[in-house]
Each structure stands twice: as structure tokens, then as C-alpha cells.
Amino acid sequence: MTIEEREEVTTMRRNGSSYRKIAESLGVSMETVKSYCRRNKITISPLCKECGVAIVQTPGKRKRLFCSDQCRTKWWNAHPELVKKKPYSFYDFTCAYCHKTFTAYGNDHRKYCSHECYINDRFGKSDVVGSKKEGDT
């Protein structure tokens with residue numbers, strides 16, 4: 001590779017380009033680009049999955065995917081389908097207030113299907129048909 005190609009590889013790699021993309025743009029093999037980058041320790045600085053800010057990795061620690069807790073929470077709230085839930089952590093219950101069946105994840109001591117049912121049961125609102133409160137006959 002020429003000096004200009006080496007500089008281009010360095011620039012493109014630090015900007016986040018893949019080995020394949022660099023190789024195709026310069027017309028050299030992907031293995032040549034890969035070996036040059038590894039030999040000269042040219043790496044991509046990892047970017048936050050949410051905001052795209054460069055993340056500083058601590059050597060010897062687990063690989064970070066997010067720059068902050070706020071970005072992590074925001075990203076996982078936007079991608080709930082990617083959460084790997086364990087099938088044995090789902091529990092079936094009957095609500096103590098409205099008597100509907102519901103499923104809870106990770107909590108085997110739930111009593112109510114919603115916060116609304118909890119409030120209604122605790123503070124005495126009885127607008128659900130068929131609900132029985134203590135003291136009702």
C-alpha cells in the first residue's frame with residue numbers, strides 16, 4: 001500500500017468504516033486492510049448505541065455499550081422486544097380487586113393487576129362490579 005492509501009485507511013477506520021468498506025473504496029483486499037489496522041493498532045472507538053457519542057473503554061472491564069445510564073434506559077425503553085426474558089419468570093395471578101387474571105414478570109408476590117386496582121382497593125372505591133371489600137355483606 002502507498003502512503004496515501006495508509007493515511008486513507010487510518011482516517012476511514014477511525015471514522016468507523018468497516019474493513020470491507022475500506023477495502024472496496026481503495027481497491028485492495030480486505031485482509032490487507034485488516035492486517036494493516038491490527039499491526040498499527042488502528043481501532044474504531046465504540047459509539048453509544050443511543051446518542052452516538054464515543055465511549056471510553058476501561059481496560060480489563062466489560063465492554064460498554066452506552067455512554068450513560070440515561071442513554072441505556074432510553075434505548076432499552078425504545079427496544080423492549082430485544083429484552084431476553086426468562087420463560088420461568090412469568091407468574092399468573094388473579095387481581096384481588098377486579099378478579100381478572102393477569103401475568104407478572106419477575107415478581108411472584110403480586111396482588112393487583114394495576115396501580116388503579118391497588119388504589120381502589122386500598123382507599124375504598126367500589127366501582128367494579130363483583131368486587132367484595134372487607135365489611136361488605
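Which side chain does Lys74 meet in a salt bridge? Good morning, everyone, and let me start with that one. The partner of Lys74 is Glu50, with 4.0 Å from N to O. This pair links distant parts of the chain: Lys74 belongs to helix H4, residues 69-78, while Glu50 sits in the loop between H3 and H4, and their positions lie 24 residues apart in the numbering. Lys74 is exposed, with a relative accessible area of 54%, whereas Glu50 counts as partly exposed at 27%.

Before I go on, a word about what you are looking at. This is a predicted model. The mean pLDDT of the protein is 85, and 91% of the residues score at least 70. Among the elements, H4 has the highest mean pLDDT, 93, and helix H1, residues 3-14, has the lowest, 88. So the salt bridge I opened with has its lysine in H4, the element with the highest mean.

Now, the rest of the salt bridges. How many does the structure hold? There are three. As a general reminder, side chains of opposite charge can pair when their charged atoms come close.

One of them is also in H4: Asp69 and Arg72 meet at 3.4 Å, N to O. Both residues lie in that helix, three residues apart, which is about one turn. Arg72 is partly exposed, at 37% relative accessibility.

Another joins Lys34 to Glu31, where the closest N and O atoms are 3.8 Å apart. Here too the spacing is about one helical turn, because the two residues are three apart in helix H3, residues 30-39. Is Lys34 buried or exposed? Lys34 is buried, with a relative accessible area of 17%; the cut-off for buried is under 20%, so 17% falls inside it.

Let's move on to the rings. For those of you who like geometry, a pair of aromatic rings is described by the distance of the centres and the angle of the planes. The count here comes to six aromatic pairs. Take Tyr112 and Tyr118: their ring centres are 5.6 Å apart and their planes stand at 65 degrees, so this pair is edge-to-face. The angle is what decides the class, because planes over 60 degrees apart count as edge-to-face. Tyr112 is buried at 17% relative accessible area, and Tyr118 is partly exposed at 30%.

Phe66, Trp75 and Trp76 come together as one aromatic cluster. Please keep an eye on Trp76, which is in helix H4. Trp76 is partly exposed, with a relative accessible area of 33%. Along with Leu82 and Val83, Trp76 makes a nonpolar surface patch of about 240 Å². So why can Trp76 be part of a patch with a relative accessible area of 33%? Patch residues need over 30% relative accessible area, so Trp76 passes that cut-off.

Two rings also have a charge over them. Arg13 lies over the face of Tyr19, 3.9 Å from the ring centre. For Tyr105, the visitor is Lys85, whose charged end sits over the ring at 5.0 Å from its centre.

Next, the backbone. Which residues have a positive phi without being glycine? Lys41 is one of them, with phi of about 55 degrees. Lys41 is placed in the loop between H3 and H4, and at 70% relative accessibility Lys41 counts as exposed. His99 is another, with phi near 65 degrees. His99 is in the loop between E1 and E2, and is partly exposed at 43%.

Cys98 is in that loop as well, between strand E1, 90-94, and strand E2, 101-105. Cys98 is buried, with a relative accessible area of 15%. From Cys98 we can get back to the tyrosine pair: the C-alpha atoms of Cys98 and Tyr112 are separated by 8.3 Å, with the two residues 14 apart along the chain. And Tyr112, remember, is itself buried, at 17%.

If you open the structure after the meeting, here are three places to go. Start at H4, with Asp69 and Arg72 in their salt bridge. Then look at Trp76, in the cluster with Phe66 and Trp75 and in the patch with Leu82 and Val83. Finish at Tyr112, in the edge-to-face pair with Tyr118. Thanks for listening, and I'm happy to take your questions.

Notes:
Residues numbered from 1 in each chain as written. Predicted model: local features only at pLDDT ≥ 70, side-chain atom pairs only at ≥ 80, totals over all residues. Heavy atoms only, no water. Phe/Tyr/Trp six-rings, centres within 6.5 Å; stacked < 30°, edge-to-face > 60°. Buried < 20%, exposed > 50% of the residue type's maximum accessible area, 1.4 Å probe, protein only. Lys NZ or Arg CZ within 6 Å of the ring centre and 35° of its normal. Helix = DSSP H or I, 4+ residues; strand = E, 2+ residues; numbered from the N terminus. Patch = residues over 30% accessible without salt bridge, like charges linked within 9 Å, V, L, I, M, F, W, Y side chains within 5 Å. Areas by Shrake-Rupley, 256 points an atom, 1.4 Å probe, with all protein chains shown as cover. pLDDT = per-residue confidence, 0-100.
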